[in-house]
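Here's a walk through the strands, a helix and the hollow spaces of one protein model. Have the structure open as you read.

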Amino acid sequence: MAQVPNLDNAPINLKSLRDQSQKELITILKNIRGKKCLVIDPKLGGSLSLIVQSSLLKEHGAELRHLNAEPVQTDCTKVVYLVRAQLDLMKFICSHIHNDISKGIQREYFVYFVPRRAVVCEKILEEEKIHHLLTIGEYPLYLIPLDEDVLSFELDAAYKEHLVDGDTTSLWHIAKAIHKLEFSFGLIPNVRAKGKASVRVADILNRMQSEQPVNTSEMGVPEINTIILLDREVDMITPMCSQLTYEGLLDEFLGINNGAVELDSSIMGAQQEGKKIKVPLNSSDKLFKEIRDQNFEVVVQVLRQKATSMKQDYTEMQTTNQTVSELKDFVKKLNSLPEMTRHINLGQHLTTFTSKPSFLGRLDMEQTLVEAESYDICFEYIEEMIHKQEPLINVLRLLILFSITNAGLPKKNFDYLRRELLHSYGFEHIATLNNLEKSGLLKKQETKSNWITIKRALRLVVEDTDTSNPNDISYVFSGYAPLSIRLVQHAIRSGWRPIEEILKLLPGPHSDIKRGGFSSSPSLDSLNGSLHSSDKVVDGRRTLVLVVFIGGVTSAEISALRFLSSQEGMAYDIIVATTQMVNGSTLTETFVEKLG
């Protein structure tokens, strides 16, 4: 099954976006005649696999290599580097070219920056006296469709760069990507933002529109009615909790990268031990599309039912005479067998993690923290984790949750846990703790926590959640409704005004801007959950909302948004755009910095 996701059912024409990105890359290759060696920044390699098949690049005369410190081994006389504007990557390119010069190898060099060139990178190339040997260009890849309703800006470090380093480059990239979308789908009339970075992006977007306007008279009614921008900082509680949807758990335990998990082939029933295989996970897989957003408890039952039903059909086939039509139906079912086998194997592998007492104990502790009960029990649990030297990321993840729900730790406890962490894991982690403090994720308690007020006002803890037949988004965490998605729910239904007082208790400012003059385009303030015929876009499609997460989004949050969109009486489809896909561990890792 292709890893490039099928976008035929996307609410807007994402395929045209992908085709455009593919075309731009092929044009770069066509303009460099003859055979060439395409050296790709490894991080970009995964992103490109979602846009273009490697076979197509080879058809255009490209030999493919990954960029690293080792010199490029190739007979090609033309070397094309496709890289993000990062200083460490420039050093690799410089060392490659110096190596060629020292050996008397003559080549033509091309460097294409993704998505745009940076002065600081070109300065390094000048200092190393190789700038004049290079042809420099840009490959403006700002957005990648991960699936039919998910887009990624592929900005992994955006959250840390903004919060810790004060670097706002990524915010310009996000605004640029959204503005590019507007040239394809029309000026978005309603912009709602919450958080420092989000409000800044909304401002940059407005500036871009005044400098390089989208022609509203030619475009007609915009396809996207509202954009909701949300900082990850506004809700760091949700990603620190263990996701309990099928896709969420796959990411937590196996790590989903560019829409696929890589695991030992023996897990998938293959005979070769030690061989790794990639399993694509996107909506091209019909069974995955059906079960990805369900709570894992339910997925196990669904797979069991499907397997039992197929077994019964097989038994009937052997014992009774079937009509041609019945045979046809049975063969159709057999076609879904590979998908079913794949998910039974993955599900079985997941249960080896979810049944561990350590995981169940952790879930209990997360629930205790979210419900803001028994501070002492949580403190002792984290202290014990440190003394047992459990993986540092797991400890930090729970510590962040502890700190946020309590508005920090009392000075005595804060100093004690900080000291214990450094003793247990090494003093080189002092930079990591400083990063967490600087970003406000780990701090000393100075004010009383307002978490209980927020939790009650937005009904974030839901008793007796029915995971098999859910009626609320809280099913994705078995009883906790993600704060971020509750905010989106309010922003869509009634705007920020009714929850203004709650928004003030959360980090960062908020804004609500109306742009352009679209009297024919309904404001979402009028959408009160019932679908009026006037709320439909002209060609009968539902109103579209783009939800943008700056700093990353979890699979469970996307599942909750899909659940909202599928509810009866909901008048809109939702598309998600994010700086990157995250879980609590990958998000915490962005702050880890070892000294020495």
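Which residue in β11 does Ile256 stand opposite? Ile256 faces Val261 there. Keep in mind that this is a predicted model.

## The three-stranded sheet

That pair belongs to the contact between β10 and strand β11 (residues 260–264), which run antiparallel and are joined by 2 bridges. Step back and you'll find an open sheet of 3 strands, ordered β10-β11-β12, with antiparallel pairing. β10 (256–257) and β12 (276–280) each have a single partner strand and stand at the edges, so one side of each is left without a neighbour in the sheet.

## A parallel pair and its crossover

Elsewhere, strand β4 (residues 108–114) pairs with strand β5 (residues 134–138), this time in the parallel sense, over 5 bridges. If you want a spot to look at, Tyr112 has Gly137 in β5 as its bridge partner. To get from β4 to β5, the chain passes through helix α5 (residues 119–127), and this β-α-β crossover is right-handed.

## Helix α15

Helix α15 (residues 337–354) has 18 residues, which should span 26 Å at 1.5 Å a residue; the end C-alpha atoms are 25 Å apart, so the two values agree.

Plenty of α15 is tucked away from the surface: its buried residues are Glu339, Met340, Arg342, His343, Asn345, Leu346, Gly347, His349, Leu350 and Thr354.

## The largest pocket

Now for the open spaces. The largest pocket holds about 880 Å³, and 37 residues line it. Nearest its centre are Ile256, Asn257, Asn258, Gly259 and Met581. So Ile256 turns up again: the residue that stands opposite Val261 in β11 is also among those nearest the centre of this pocket.

Several elements give two or more residues to the lining, namely α2 (42–48), β6 (144–147), β7 (150–152), α11 (246–254), β10, β11, α24 (555–566) and α25 (584–589). The largest share comes from α2, with 4 residues. As for chemistry, the lining is a mix of 12 nonpolar, 14 polar and 11 charged residues.

## The second largest pocket

The second largest pocket has about 670 Å³ of space. It has 29 lining residues, and Arg84, Ala85, Gln86, Leu155 and His173 are the closest to its centre. At least two lining residues come from each of α2, α6 and α7 (169–185). By class, you get 15 nonpolar, 6 polar and 8 charged residues in this lining.

## Closed cavities

How many cavities of 30 Å³ or more are there? The count is 2. The largest has a volume of about 50 Å³ and is lined by Ala158, Tyr159, His162, Leu163, Leu171, Ala197, Asp231, Arg232, Glu233 and Ile550. Helix α6 (residues 158–163) gives the most to that lining, with 4 residues. Sorted by class, the lining comes out as 6 nonpolar, 1 polar and 3 charged.

The second largest cavity takes up about 40 Å³. Around it sit Leu399, Leu409, Phe414, Leu417, Arg418 and Leu442. Helix α19 (residues 411–425) makes the largest contribution to this lining, 3 residues. The lining has 5 nonpolar residues, no polar ones and 1 charged residue.

Methods:
Residues are numbered from 1 along each chain as its sequence is written. This is a predicted model: local features need pLDDT of at least 70, side-chain atom pairs count only at pLDDT 80 or more; totals for chains, interfaces and linings use all residues. Side-chain values use heavy atoms; hydrogens and water are left out. On a 1 Å grid over the protein atoms alone, a cavity is a set of points where a 1.4 Å probe fits but cannot get out, and a pocket is an open set with protein on both sides within 12 Å along at least five of seven lines; lining residues have an atom within 4 Å of a point. Grid points are joined across faces, edges and corners, and a volume is the space filled by probe spheres set on the points. Ala, Val, Leu, Ile, Met, Phe, Trp, Tyr, Cys and Pro count as nonpolar, Asp, Glu, Lys and Arg as charged, and the others, Gly among them, as polar. Two strands pair if DSSP finds at least two bridges between them. A crossover is right-handed if, with the strands pointing away from the viewer, the path from the first strand over the helix to the second runs clockwise. The expected span of a helix is 1.5 Å times one less than its number of residues. Buried means under 20% relative accessible area, exposed over 50%, partly exposed in between (1.4 Å probe, protein chains only).
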